[in-house]
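This report describes selected features of the structure shown below. It considers strand pairing, a side-chain contact and several backbone features.

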Amino acid sequence: MADIPVSTMSGYIYGREMKLSAAVKIARVCSVSLEWLAGITDHPPSITSNSQSREHLSNEGRSAEDKVIKLLPFFDAASFLNSGDLETGNTETEQVPITEGFLVRLNAKAETSFFLKISGDSMEPTLRDGDLILVETKPIEAVSGLTVLMIDGRMIVRRIALALGGQVTLIADNKFYPSQDINRDQLIWGSISSKHPAVLIGRVIYRFQAI
């Protein structure tokens, strides 16, 4: 099942802590949401057609949103360390299931969100290698907190701070990584596949921590 050995699955069933990578695989194969496997929600939602009425879904005791599973794109930051260009990397976008209700509680939408697996230690101790983050890409005017960017074709996670002289400072939480200043006018909102040298992709709105 999900390319996970039977002995490993048995260990999970009998209480062994599940690795994040395994949880992602099981969620895909079993069509259950990642947050249920992580213990964030109490009920395993089933796949529900989006065409069904919200009134029908609500009659079963849970909100309509918690009964609907959305499939979000999944990317591995390690795939963008060198090129950052989807055309030269893996064009097959994997998907991870999550409930619509979970997104609603985070003020996010499936259409503008994706999962990203962290690679490297530049944001430790906040984010560790292997952590899975949820990213909201809808542009906003004032950006704060953790952000995902494409800088010269490399995907990175950094904090953004406004500096003097129209500069923007990109800050790594790991003190061994230097901050980087770029011209504020050069930083634009865009997508992962953008070829612009400085692209703000989205904000980190949730973290699933790797074991």
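## Strand S3 and its partners

Phe-115 has Leu-134 of strand S4 as its bridge partner. In this predicted model, strand S4 covers residues 132–136 and runs antiparallel to S3, to which it is joined by 5 bridges. Strand S1 (residues 69–76) also pairs with S3; here the two strands run parallel, and 3 bridges join them. Within S3, Lys-117 stands opposite Asp-76.

Strand S3 spans residues 113–117, and 4 of its 5 residues are buried, so the strand is largely enclosed by the rest of the structure. The cut-off behind this reading is a relative accessible area under 20%.

## The salt bridge

The structure holds 1 salt bridge. It is formed by the side chains of Arg-159 and Asp-173, with an N to O distance of 2.8 Å. Arg-159 belongs to strand S6 (residues 154–162), whereas Asp-173 lies in the loop between strand S7 (167–171) and strand S8 (180–183); the pair therefore ties together parts that are 14 residues apart in sequence.

Are the two side-chain partners buried or exposed? Arg-159 has a relative accessibility of 30% and counts as partly exposed. Asp-173 is likewise partly exposed, its relative accessible area being 21%. The value for Asp-173 may be read against the cut-off for buried residues, which is under 20%.

## A cis peptide bond

The peptide bond that joins Glu-124 and Pro-125 is cis, with omega at about 5°. Pro-125 is located in the loop between S3 and S4. These are the strands that run antiparallel and are joined by 5 bridges.

## Residues with positive phi

Asn-107 is not a glycine, yet its phi is positive, at about 60°. This residue is placed in the loop between helix H5 (100–105) and S3. With a relative accessible area of 70%, Asn-107 is exposed, whereas S3 itself is largely enclosed by the rest of the structure.

Asp-152 also has a positive phi, of about 50°, although it is not a glycine. Its place is in the loop between strand S5 (146–151) and S6. S6 is the strand in which Arg-159 lies. Asp-152 has a relative accessible area of 58% and is therefore exposed, the cut-off for exposed residues being over 50%.

Key. Residues numbered from 1 in each chain as written. Predicted model: local features only at pLDDT ≥ 70, side-chain atom pairs only at ≥ 80, totals over all residues. Heavy atoms only, no water. Buried < 20%, exposed > 50% of the residue type's maximum accessible area, 1.4 Å probe, protein only. Helix = DSSP H or I, 4+ residues; strand = E, 2+ residues; numbered from the N terminus. Pairing = 2+ DSSP bridges. Salt bridge = Lys/Arg side-chain N within 4 Å of Asp/Glu carboxyl O.
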